[in-house]
Structures are given as structure tokens and as C-alpha cells.
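Reader: I would like to go through this model one question at a time. Please explain each term when it comes up.

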Amino acid sequence: MNRTQIIDMPENIDGVTNVHDLHVWTITSGFDSLSCHLLVEDDKEEQEVLQKVINIILEKHKIEHTTIQIEKAYLEHTEFKVKKMVAPFVFIVGD
Ligand SMILES: [Zn+2]
């Protein structure tokens with residue numbers, strides 16, 4: 001798995017403003033899991049964007065198990081302000 005690919009991937013998706021708290025890890029050999037927070041543009045349908053992202057993760061990165069939290073800018077969570085966000089990071093454990 002390519003680290004840079006994972007980090008760059010979400011920025012190319014229409015409707016996605018920001019991805020943060022991105023983690024990828026291997027549970028058992030050949031079974032990768034991904035979790036992240038997705039900031040979706042206010043005027044976009046979040047479920048459509050979510051399905052697009054899930055499909056891209058599956059097709060490009062062969063990760064079938066995803067846990068993705070959807071956020072919109074007007075409902076930012078407090079402890080992780082998007083405006084203060086640095087680049088998304090990836091945490092890989094295992095082979
Ligand atoms: Zn978040």
C-alpha cells in the first residue's frame with residue numbers, strides 16, 4: 001500500500017472539502033481497514049459523496065472495510081476544528 005496515494009486520494013473527489021483523522025491499518029494479513037472524517041461541501045448530498053468515496057477506496061486501494069464519519073462545515077466538532085487542521089495523516093500497522 002502506498003502512503004502518499006492514500007493521503008492524496010480524497011482531495012480529488014468532488015464534494016469533499018477536507019479529510020482528517022485518517023487511519024489505515026491491517027487487522028489480519030490482507031484485510032485492511034480505513035477510518036476517517038470527511039468534510040462534505042454544504043450543498044452536496046453527503047450520502048452520495050460517501051458512496052463515491054467508499055467506491056474509490058475499494059477500487060483504488062482494495063480496502064473493503066471503511067468507517068467514515070461525515071461532517072459539514074456548519075457542524076464542526078469542537079475538539080478538532082477543521083480550520084486549524086494540518087494535513088491528514090496515515091497510521092499503518094502490520095504488513
Ligand atoms: Zn472530524
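Reader: Is D21 buried, exposed or partly exposed?

Author: This is a predicted model, in which local features need pLDDT of at least 70 and side-chain atom pairs count only at pLDDT 80 or more, while totals for chains, interfaces and linings use all residues. Residues are numbered from 1 along each chain as its sequence is written. A residue is buried if 20 or more other C-beta atoms, placed from the backbone, lie within 10 Å of its own, exposed if 12 or fewer, and partly exposed in between. D21 has 14 other C-beta atoms within 10 Å, so D21 is partly exposed.

Reader: Where does D21 lie, and what is its phi?

Author: D21 lies in strand 1; strands (E, at least two residues) and helices (H or I, at least four) are DSSP runs numbered from the N terminus. D21 is not a glycine, yet its phi is positive, near 55 degrees.

Reader: In what order do the three strands form the sheet?

Author: Two strands pair if DSSP finds at least two bridges between them. Nine bridges join strand 1 to strand 2, which run antiparallel, whereas strand 2 and strand 3 pair in the parallel sense over eight bridges. The sheet is therefore open and its pairing mixed, in the order 1-2-3.

Reader: Which strands are the edge strands?

Author: An edge strand here pairs on one side only. The edge strands are strand 1 (16–28) and strand 3 (65–72).

Reader: Which element gives the most residues to the largest nonpolar core?

Author: A nonpolar core is a set of buried Ala, Val, Leu, Ile, Met, Phe, Trp, Tyr and Cys residues joined through C-beta atoms within 7 Å. The largest has 10 residues, including V19, C36 and I57. Strand 1, strand 2 and helix 2 each give two or more residues to this core. The most, five residues, come from strand 2.

Reader: How far apart are the end C-alpha atoms of helix 2, and why does that agree with its length?

Author: The expected span of a helix is 1.5 Å times one less than its number of residues. Helix 2 (residues 46–61) has 16 residues, so it should span 22 Å. This agrees with the distance between its end C-alpha atoms, 21 Å.

Reader: Is K62 buried or exposed?

Author: K62 is found in the loop between helix 2 and strand 3, and its phi is positive, near 60 degrees, although K62 is not a glycine. Because K62 has 10 C-beta neighbours inside 10 Å, K62 counts as exposed.
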